[in-house]
2 protein chains.
Amino acid sequence: MSVQVLDNHRAGQPPEAREEPWLTVGKYRFRSRILVGIEQYQSIPLIKQVLQASGADVFITTVDPDGMRSSLLLSDLAEEIPLEAYTWIGTTSFARSADSALRTVEILRRTCGIDVIKLDVRTPDNRPDNAQTIMVAEKLLADGLTVLPFILPDLADAQRLAELGCAAIRIMASPVASGRGIADPRPLQEIIEHSRVPVVIEGGLGTAHHASRAMELGAAAVLVNTALARAASPGLMAAAMRHAVTAGRLAYQSRPELCVA
Amino acid sequence: MSVQVLDNHRAGQPPEAREEPWLTVGKYRFRSRILVGIEQYQSIPLIKQVLQASGADVFITTVDPDGMRSSLLLSDLAEEIPLEAYTWIGTTSFARSADSALRTVEILRRTCGIDVIKLDVRTPDNRPDNAQTIMVAEKLLADGLTVLPFILPDLADAQRLAELGCAAIRIMASPVASGRGIADPRPLQEIIEHSRVPVVIEGGLGTAHHASRAMELGAAAVLVNTALARAASPGLMAAAMRHAVTAGRLAYQSRPELCVA
């Protein structure tokens, strides 16, 4: 069944395809409003299914500077997936300190030529460390990199990162991998309304209606990861999330006058 | 923009199109998992946009036996919309008493040959009257009609209506036109899990993520109405709802192991 869904998604041209990119940095155009993590899969066919069914156009790669995780070899992936069609960005999501994040970026830059960084500096309990993230962002920006930082919902921190020159800000909806959805929409909405750069909502988006709701709040995009990896069928859940993002975006554009609970 | 969305939806073949009908009664096949009310529009182009963008395959018609409402003429609609492509059902949603509901059905049957009834018997404050609905359902079923009753979420009442022979049961998520979404998922989920007939969730589904959530609970379909009628662009919101329903259905099928808040 998931294969049919995939074929079908390719055949159709969802409305989001005609939208302008939500983010343009240098030569990169981010069109798909869904970003997917792929580091939790041990199977290349699954990664392929998730990338294709989600409609993602960004490929997120990483290294673990402390050598604690295994990952699939890019060369093996490249045999199955047209990686050149994707915008490559690097992530520091394994980093639990500013130093580890900086070392990750250095390796990604040197070995893969990566210059767009999905910046995560997390505490040992896997939550964004806003202060450390701002500090690392400043250094990376000074080095000429494009930075997409992940923080707890804090208006002042979000504005500071935008002022520093971050291309987009990623805001946590609820703890990573919790599946709790949007814990409180108000700070997210406040950040979105005041932000001069695109806002991505991520963390805890466990199922389709969480992603729709994030987009209804005015997010430019969402990032999903564990919801797909833990689904019995990651490909179906990826297709679900793709529809959910389109649904939420269209609902946002249709500006309903009803209250959105 | 909404026109592009419509064209596009026609061009693509969303995954739900290949699913088996969720409801088959006699010669009728209900495939689309979204039902839309159209009695709130004063413009035929808007009705056309909503029907097409939603992907609905059911056309809901009614009369007001007490002559309190105006409505567009079917003959005018038929000039613009291929009404013969739709499954026609009648609704008693204007009825505020058992007697009014029965008279509505009689008129619909006599004048339009309608034999599938979206049965609503509501109290003066526009909430389903479960007891009266059960009483009218019994009479209509005895007359050989197909009945799709709308009730407050009550497991015993839902089971009673299924035992009587109703083809599907429609359960209220939150008050009609409130936009409050799913007030409490537990009774809905309980009814769905115990039901031997398809369960439709409706009432208060104000935006896309409400519809996704209803489908994630295992609903066979949703009915939306005011959310579209009150949107600045009903066509865009109809497209949003269509994607939302597909998203929720796919998420349900992918059976996520994460909790769904």
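## A pair of partners in the sheet

Let's start with one small link: B:Met172 has B:Glu202 as its bridge partner in β9(B). That link belongs to a longer seam, where strand β8 (residues 169-172) of chain B and strand β9 (residues 199-202) of chain B run parallel and are joined by four bridges. Strands here are DSSP runs of E with at least two residues, helices are runs of H or I with at least four residues, and both are numbered from the N terminus. Two strands pair if DSSP finds at least two bridges between them.

This is a predicted model, in which local features need pLDDT of at least 70 and side-chain atom pairs count only at pLDDT 80 or more, while totals for chains, interfaces and linings use all residues. Residues are numbered from 1 along each chain as its sequence is written, chains are lettered from A and ligands numbered from 1 in the order in which they are written, and side-chain values use heavy atoms, with hydrogens and water left out.

## The whole sheet of chain B

Stepping back, β8 and β9 sit in an open sheet of eight strands with parallel pairing, in the order β3-β10-β9-β8-β7-β6-β5-β4 (chain B). At its edges are β3 (34-36) and β4 (58-61) of chain B, each pairing on one side only. On average, neighbouring strands of this sheet are turned by 25 degrees against each other, direction ignored. In general, strands of a sheet pair through backbone hydrogen bonds.

## An enclosed helix

Helix α8 (residues 208-216) of chain B is largely enclosed by the rest of the structure, because nine of its nine residues are buried (under 20% relative accessible area, with a 1.4 Å probe and protein chains only). Among them are B:His209, B:His210 and B:Arg213.

What covers these residues? The cover of the buried residues of α8(B) includes α8 (208-216) and α10 (234-254) of chain A, together with α7 (185-194), β9, β10 (221-224) and α10 (234-254) of chain B. After α8(B) comes B:Gly218, whose phi is positive, near 105 degrees.

## A look at chain A

Chain A has ten helices and ten strands. Of its 261 residues, 60% count as buried. Among contacts (heavy atoms within 4.5 Å) in chain A between residues at least 6 apart in sequence, 66% join residues at least 24 apart.

One residue to find is A:Thr104, in helix α4 (residues 98-112) of chain A. A:Thr104 counts as buried because its relative accessibility is 2%. Leaving aside residues up to four places away in sequence, A:Thr104 touches A:Thr62, A:Val63, A:Pro65, A:Thr91 and A:Thr92.

Note on methods. Buried < 20%, exposed > 50% of the residue type's maximum accessible area, 1.4 Å probe, protein only. Axes fitted to C-alpha atoms, helices over the stretch in contact; angles between N-to-C directions.
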